[in-house]
Amino acid sequence: MSIPDKNLPLFPDPGRTGFDDPLYFESTGRERGYDYIAGVDEAGRGPLAGPVVAAAVIMPRGVAIPGVKDSKKMTEKARETAFSVINETAISIGIGVVSSNFIDKSNILIASLEAMKLAVLSLYPGPEFLLVDGIHKIPTVIPQDCIIKGDQLCHSISAASVIAKVYRDRLMCTYDEMFPEYGFIQNKGYGTAGHLMAIREHGACPIHRVTFRGVS
């Protein structure tokens, strides 16, 4: 007796990519027998300060929230609104946070994948399949597919990108209260001219990534 193939190829049907359907990848996964499918994305790979944050989101079958897309293509107000709606709608949301110290001791890629793994492990119910933004698989035994530009093409990844971005931005606003001289509430840790000038004037603070150019 043959065993059904549960591997989920990126484009199962060569005749269509489904780029006009934000639920294409989730629908294809469910056609292959998976029910709880999590989209996974991260925020904060590029900044000079603060953690990298990942989110994993399992959405209900067939549900696409209007206005949710790649968080980088949304206004701050739109992201905040979407953040609330996703929290109200999703079956499960997981967050993973990895500190600047971890980033400095390993590297940003390893830290990002670790944050994604933590986000996935915090989901309840747990996912049966993962749709991951980018080209690098998460270090877990859970079957998964990586999707280039997944935050633009896959709704659950888009939702994860919004959750990760808003969560991280809120963390950086809290850090701004602790280290007001760096302007974290405006720059969110990114290497703006004002941020770089503050580093030159005050040196690095405890949440700076000292291995990043512009900090050390």
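The following questions and replies go through the predicted model and the definitions behind its descriptors.

In this predicted model, local features need pLDDT of at least 70 and side-chain atom pairs count only at pLDDT 80 or more, while totals for chains, interfaces and linings use all residues. Residues are numbered from 1 along each chain as its sequence is written, and side-chain values use heavy atoms, with hydrogens and water left out.

Me: What makes up the secondary structure of the chain, and in which order do the elements run?
Reply: The chain has 8 helices and 5 strands. Helices (H or I, at least four residues) and strands (E, at least two) are DSSP runs, numbered from the N terminus. From that end the order is α-β-β-α-β-α-α-β-β-α-α-α-α.

Me: How do you know whether the radius of gyration of the chain agrees with that of a compact globule?
Reply: The radius is taken over C-alpha atoms, and the globule rule is 2.2 Å times the number of residues to the power 0.38. For 216 residues this gives a value near 17 Å; the chain has 18 Å, so the two agree. Along the principal axes, the C-alpha trace spans about 70 × 35 × 30 Å.

Me: Why is Asp70 called buried?
Reply: Buried means under 20% relative accessible area, exposed over 50%, and partly exposed in between (1.4 Å probe, protein chains only). Asp70 has 3%, and therefore counts as buried. Asp70 belongs to the loop between S2 and H2. Leaving out residues up to four places away in sequence, Asp70 touches Asp151, Gln152, Ser158 and Ser161, where contact means heavy atoms within 4.5 Å.

Me: Why is Pro60 called partly exposed?
Reply: The relative accessibility of Pro60 is 22%, so Pro60 counts as partly exposed. Pro60 lies in the loop between strand S2 (52-58) and helix H2 (76-89). Beyond four places in sequence, Pro60 touches Arg30, Thr89, Ala90 and Ile91. The C-alpha atoms of Pro60 and Cys146 are separated by 21 Å, with the two residues 86 apart along the chain.

Me: What makes helix H1 largely enclosed?
Reply: H1 covers residues 24-31, and 6 of these 8 residues are buried, so the helix is largely enclosed by the rest of the structure. The buried residues are Tyr24, Phe25, Glu26, Thr28, Gly29 and Arg30. They pack against S1, S4, S5, helix H5 (150-153) and helix H6 (155-178). After H1 comes Gly33, with a positive phi near 105 degrees.

Me: How do you know on which faces strand S4 is covered?
Reply: In a regular strand the side chains alternate between the two faces of the sheet. In S4, Phe129, Leu131 and Asp133 on one side and Leu130 and Val132 on the other are all buried, and both faces are covered. For S4 (residues 129-133) the count is 5 buried residues of 5.

Me: What makes S4 a partner of S1 and of S5?
Reply: Two strands pair if DSSP finds at least two bridges between them. S1 (residues 37-43) and S4 have 4 bridges in the parallel sense, with Ala38 opposite Leu130. S4 and S5 (residues 144-147) also run parallel and are joined by 4 bridges; there, Val132 has Cys146 as its bridge partner.

Me: How much of the whole chain is buried, and what share of its contacts is between residues 24 or more positions apart?
Reply: Of the 216 residues, 49% count as buried. Among contacts with a separation of 6 or more, 64% come from residues 24 or more positions apart.
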